[in-house]
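Open the model in your viewer and keep the selection panel at hand. The stops below go from backbone to rings.

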Amino acid sequence: MDKRKIKNAMALIGLMGILLYGACGSEKKEIPKQIYIGVACYDQRDTFLGELLENFKRECRTLEKRGYDISLTIMDAANSQRTQDDQVQEMIGNGCDILCVNLADRTDPSQIITAAQEHDIPIIFFNREPVEEDLMQWDQLYYVGAEAKQSGQMQGQLAADYIKEHPDVDRNHDGKIQYVILEGEMGHQDAIIRTESVAESLKEQGIALEKLSYQIANWNRVQAQNRMMQLIGQYNNRMEVVLANNDAMALGAMDAYEKLGYTETNRPVFFGIDGTKEGLEAVKDGTLAATVYNDKEGQAAAMANLAFSIATEDENNPNPFKNYKYIYRAYQKVTKENVQTFLEKEE
């Protein structure tokens with residue numbers, strides 16, 4: 001090799017050394033780590049679910065301060081399990097790290113579980129609890145929600161307290177409370193348990209009952225209004241208490257009386273569950289006697305923290321598990337006396 005070639009080679013080596021030294025010495029810009037969460041929900045028109053998802057998005061934005069970029073895809077199955085199965089497959093295909101699933105049909109999660117297990121993607125079920133046997137299929141399946149029985153018991157206690165404080169609820173003075181139930185969904189575990197436990201709770205409080213009817217209204221305000229219109233036509237002023245599995249249906253029942261022009265003295269007393277913003281406002285103005293607060297803020301925080309700890313393999317998960325699978329947030333009673341405390345959470 002001639003001297004000129006040797007000189008050029010040495011210069012090139014020197015330049016590479018300078019560039020390498022400069023690269024090592026410069027401050028490296030930290031690129032946020034990515035977490036992709038796929039969220040599948042049964043029907044975003046559900047008022048409580050919509051409020052829960054808004055809280056979940058807010059919690060995920062807060063977690064981004066810990067050096068992660070959290071990407072969310074939320075898909076609505078419009079109450080179709082087949083649609084939801086396809087949506088989950090799509091999110092898996094797009095590379096999601098973890099799934100949060102609000103089942104359209106809580107008895108049929110098999111395709112979702114199989115698809116997630118094949119790709120080693122953990123699932124956090126929320127709000128609509130799967131059958132226990134399904135949740136035990138794999139150690140990467142979890143549930144975040146609340147225990148339905150507690151909500152029914154509390155609704156019964158609230159109704160019993162109200163009846164004792166207002167004996168005129170028994171308008172026909174027969175010593176029994178004639179009531180109707182607006183049930184959330186045919187075969188839905190929470191709906192069945194809320195319906196059964198509220199009646200048991202009232203009886204435990206010494207309230208004599210006569211059930212006039214129960215109607216399925218699918219957690220929906222408009223459907224509840226339609227069902228209530230039919231019940232008013234059938235029972236007129238015989239109904240003394242309306243127990244609804246959620247606030248939306250309680251408000252729908254009240255809408256029916258409003259539409260028909262019934263005065264306040266000719267209306268039954270209404271009780272809800274969930275503590276949605278509209279439900280809380282109705283308790284504040286006295287049209288809804290009471291509701292049971294379903295802790296959407298706590299559930300959203302538990303979901304976000306669990307998803308984050310799974311995705312980052314952080315074992316310091318702050319969530320208390322029940323049987324290594326379940327995270328339950330307690331319900332709370334809401335009356336006119338304490339409703340402002342819950343409304344402040346909405347702000």
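In which loop does aspartate 120 lie? Select aspartate 120 in this predicted model: the residue lies in the loop between α4 (110–118) and β4 (123–126). Display its backbone torsions, and phi of aspartate 120 comes out positive, about 55°, although the residue is not a glycine. Most residues other than glycine have a negative phi. Aspartate 120 has a relative accessibility of 57% and therefore counts as exposed, the cut-off being over 50%.

Go next to alanine 78, in the loop between β2 and α3 (81–93). Here too a residue other than glycine has a positive phi, with a value near 50°. Alanine 78 counts as exposed, at 52% relative accessibility.

Now turn to the side chains and show the aromatic rings. How many aromatic pairs does a search of the whole structure find? The search returns eight. Select tyrosine 68 and phenylalanine 308, one of these pairs: the ring centres are 5.1 Å apart and the planes stand at 80°, so the arrangement is edge-to-face. The cut-off for that class is over 60 degrees. Colour by secondary structure to place the two residues: tyrosine 68 belongs to strand β2 (residues 68–76) and phenylalanine 308 to helix α11 (residues 296–311), so this contact ties together parts 240 residues apart in sequence. Are these two residues buried or exposed? Both tyrosine 68 and phenylalanine 308 are buried.

Move the selection to tyrosine 293 and phenylalanine 342. Their ring centres are 4.8 Å apart with the planes at 45°, so this pair is tilted. Tyrosine 293 sits in strand β10 (residues 291–293) and phenylalanine 342 in helix α12 (residues 339–345); the pair links distant parts of the chain, 49 residues apart. Switch on a surface to check accessibility: tyrosine 293 is buried, with a relative accessible area of 0%, and phenylalanine 342 also counts as buried, at 4%. Both values fall under the 20% cut-off.

For a group of rings, select Tyr143, Tyr326 and Tyr328, which form one aromatic cluster.

The last stops pair a charge with a ring. Select arginine 128 together with tyrosine 42: the arginine lies over the face of the tyrosine, 3.8 Å from the ring centre. Then select lysine 325 and tyrosine 142. Lysine 325 lies over the face of tyrosine 142, at 6.0 Å from the ring centre.

Terms used
Residues numbered from 1 in each chain as written. Predicted model: local features only at pLDDT ≥ 70, side-chain atom pairs only at ≥ 80, totals over all residues. Heavy atoms only, no water. Phe/Tyr/Trp six-rings, centres within 6.5 Å; stacked < 30°, edge-to-face > 60°. Helix = DSSP H or I, 4+ residues; strand = E, 2+ residues; numbered from the N terminus. Buried < 20%, exposed > 50% of the residue type's maximum accessible area, 1.4 Å probe, protein only. Lys NZ or Arg CZ within 6 Å of the ring centre and 35° of its normal.
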